[in-house]
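Here is a set of short exercises to work through with the model open beside you. Try each task before you read its solution.

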Amino acid sequence: MAGTKYYLTTAIDYSNGDPHLGHALEKVGADCIARYRRLRGDHVHFLMGMDEHSQSVIQAAARGAISPREWVDRMAETFADYWRRLECSNDDWIRTTEPRHVRSVVALLERIQQRRPDDLYVADYEGLYCTGCEEFKQPAQIVDGHCIEHPTLELIHTKERNHFFRLSAYSQRLLQLIKTGEFRVEPAIRRNEVVRLLEDGLQDVSISRQRQQWGIPFPGDPDQTVYVWFDALINYLSATGFPEPGYERLWPADLHVVGKGITRFHCVIWPAMLLAAGLALPKLVWAHGYVQWEGAKMSKTAGTAISLGTAIERHGPDALRFFLLREVGFENDGNFSWDRFDVRYTADLADTFGNLVSRALSMVQRYRDGTVPDDAGLADDPLERATAETIAAYVRAMDAQELQQGATLVIELASRANRYVEETTPWKLAKEKKDAELDRVLASLVRAVTRLAVLATPFIPAKAREIWDALGGDAERSLAAVRFDDLARLSVGGQRIAKPPPLFPKPIAA
């Protein structure tokens, strides 16, 4: 698996309120992909950040009786702290109020003006505006007089003279790029939605707002501010250093991870902007589903049944990461409930994964004084074969962003290793003094646990490090340095095993 550049981004978050489980799903899912890609040996650059220019920020700051700048500074630290708690390993954190971003927005607009001046023009616009989406809504996006994404908000009738982008000129070109696979939209259900939108034809879009002081001034027109979505999308390019020489080191992005509700922006408007500017398109946009509570989408605007902090505290950050990716999934909508969280935590993490690690390492301590027996000659061992088959299936799933299947395979391998313990009965082998057989079983179990620590890293990174440390890992052989190519020849013979603390302790009954 040769190492290549892999530039991965998430949608940047609005600064109008605290993050919720929907945000967490996207961030830990993207982080899972980033960690997997590093295991493959890719040179990963993982971007996250904040969208700080919007009407909703002005309103939130006013409610808090502080300036927009104070508000976004506070929100940026709140979001960043949550993502640190959830072990997100982003390499960069961009905010749309940063000078590097402002430079890129101005440069992209000027580039479009120079290359395709007819694509930008001034006209009147009248329509219904949703402050939750920061978007003028089309009739198909309105149900019972409300935005389908934010049904609790009132749509605002707005009439302005704005700068427009000639989006209508790009329908056929985008259709061709998507249908040929040059510009990929996944999963298929989202690609089909985008294709239908393009086949229906596109309308030109307003890309500025009048007399809104909180934002980036429109180049050449100080009375207008760059529309927040046009501004926000450019963050992916800003983080590369565009327009300075060398930005091509990262661009184009290999993967944009976004929610299904913003595919129009990322799969239609954004690639059209790049085409107008003569820049390469991202290789793939992955649009995940929503986290639902009792069938309703998690939303800052509508309020949520639970807070992200409460969910993290329930069983710890790694457990929440695992649950979101294993139970909710990264393709369709999925439900969150305390009951399912507790069941998945107990069955998968405590009783299966944690139990395997505890019993395997404890037996090495009990029967071999903490030193792993020689692990040579295990090629025909049934657990060794099962591990090899799982690794191959895991790579196929993770390459396809099938994170739910990747998490499932980790637990299935742990379950298979637990059955191996029951089949080989190490306690009987010890009692009957069958030392050679016992050595083989113990070495096979530790090799399986070692590989499981690697496979589990994208999902439960902190717990994987604990397992690795207990296996005798050191600075010269850190988990972060391990690659998939190492797994086939990874030897554990002679390692000194330490007993790990309970990885997933069960809550004490009230």
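The exercises below concern a predicted model, and each is followed by a worked solution.

**Exercise 1. Cysteines**

Find how many disulfides the structure holds, and work out the situation of Cys 88.

*Solution.* Start with the search of the whole structure, which returns zero disulfides. Next, look around Cys 88: the nearest cysteine sulfur belongs to Cys 32 and is 11 Å away. A disulfide needs the two sulfur atoms within 2.5 Å, so Cys 88 is in no disulfide. Finally, check accessibility. Cys 88 has 12% relative accessibility and counts as buried. Cys 147, at 1%, counts as buried too.

**Exercise 2. Nonpolar cores**

Identify the residues that touch the most other members of the largest nonpolar core, then look for a second core.

*Solution.* Begin with the largest core, which has 109 residues. Within this core, the residues touching the most other members are Leu 320, Leu 324, Phe 336 and Phe 353. Now move to the second core, which is separate and consists of 67 residues. Among its members are Leu 109, Leu 202, Leu 250 and Trp 270. As background, nonpolar side chains in soluble globular proteins tend to be buried together.

**Exercise 3. The surroundings of Arg 209**

Place Arg 209 in its secondary structure, decide whether it is buried or exposed, and find its charged partner.

*Solution.* First, locate the residue: Arg 209 sits in strand 12, which spans residues 208-210. Second, apply the cut-off. Buried means under 20% relative accessible area, and the value for Arg 209 is 11%, so this arginine is buried. Third, list the contacts. Leaving aside residues up to four places away in sequence, Arg 209 touches Tyr 129, Thr 158, Glu 160, Asn 162, Asp 223, Gln 224 and Thr 225. Fourth, pick out the salt bridge: Arg 209 pairs with Glu 160, and their closest N and O atoms are 3.2 Å apart. This pair links distant parts of the chain, since Glu 160 belongs to strand 9 (residues 156-165) and lies 49 residues from Arg 209. Glu 160 is buried as well, with a relative accessible area of 11%.

**Exercise 4. Salt bridges and a network**

Count the salt bridges, then describe the pairs Asp 119 with Arg 116 and Arg 326 with Asp 348.

*Solution.* The count for the model comes to 41 salt bridges. In the pair of Asp 119 and Arg 116, the closest N and O atoms are 2.7 Å apart. Asp 119 is buried, at 3% relative accessible area, whereas Arg 116 is partly exposed, at 34%.

Turn now to Arg 326 and Asp 348, whose side chains form a salt bridge at 4.0 Å, N to O. Arg 326 lies in helix 11 (residues 317-328) and Asp 348 in helix 12 (residues 338-368), so the bridge ties together parts that are 22 residues apart in sequence. Both of these residues are buried. To finish, follow the shared partners: salt bridges join Arg 326, Glu 327, Arg 340, Arg 344 and Asp 348 into one network.

**Exercise 5. A helix residue**

Describe where Glu 412 lies, and find how far its C-alpha atom is from that of Arg 440.

*Solution.* Glu 412 is part of helix 14, residues 403-424. Its relative accessible area is 46%, so Glu 412 is partly exposed. For the last step, take the C-alpha atoms of Glu 412 and Arg 440: they are separated by 22 Å, and the two residues are 28 residues apart along the chain.

Note on methods
Residues numbered from 1 in each chain as written. Predicted model: local features only at pLDDT ≥ 70, side-chain atom pairs only at ≥ 80, totals over all residues. Heavy atoms only, no water. Buried < 20%, exposed > 50% of the residue type's maximum accessible area, 1.4 Å probe, protein only. Helix = DSSP H or I, 4+ residues; strand = E, 2+ residues; numbered from the N terminus. Core = buried A, V, L, I, M, F, W, Y, C linked by side-chain atoms within 4.5 Å. Contact = heavy atoms within 4.5 Å.
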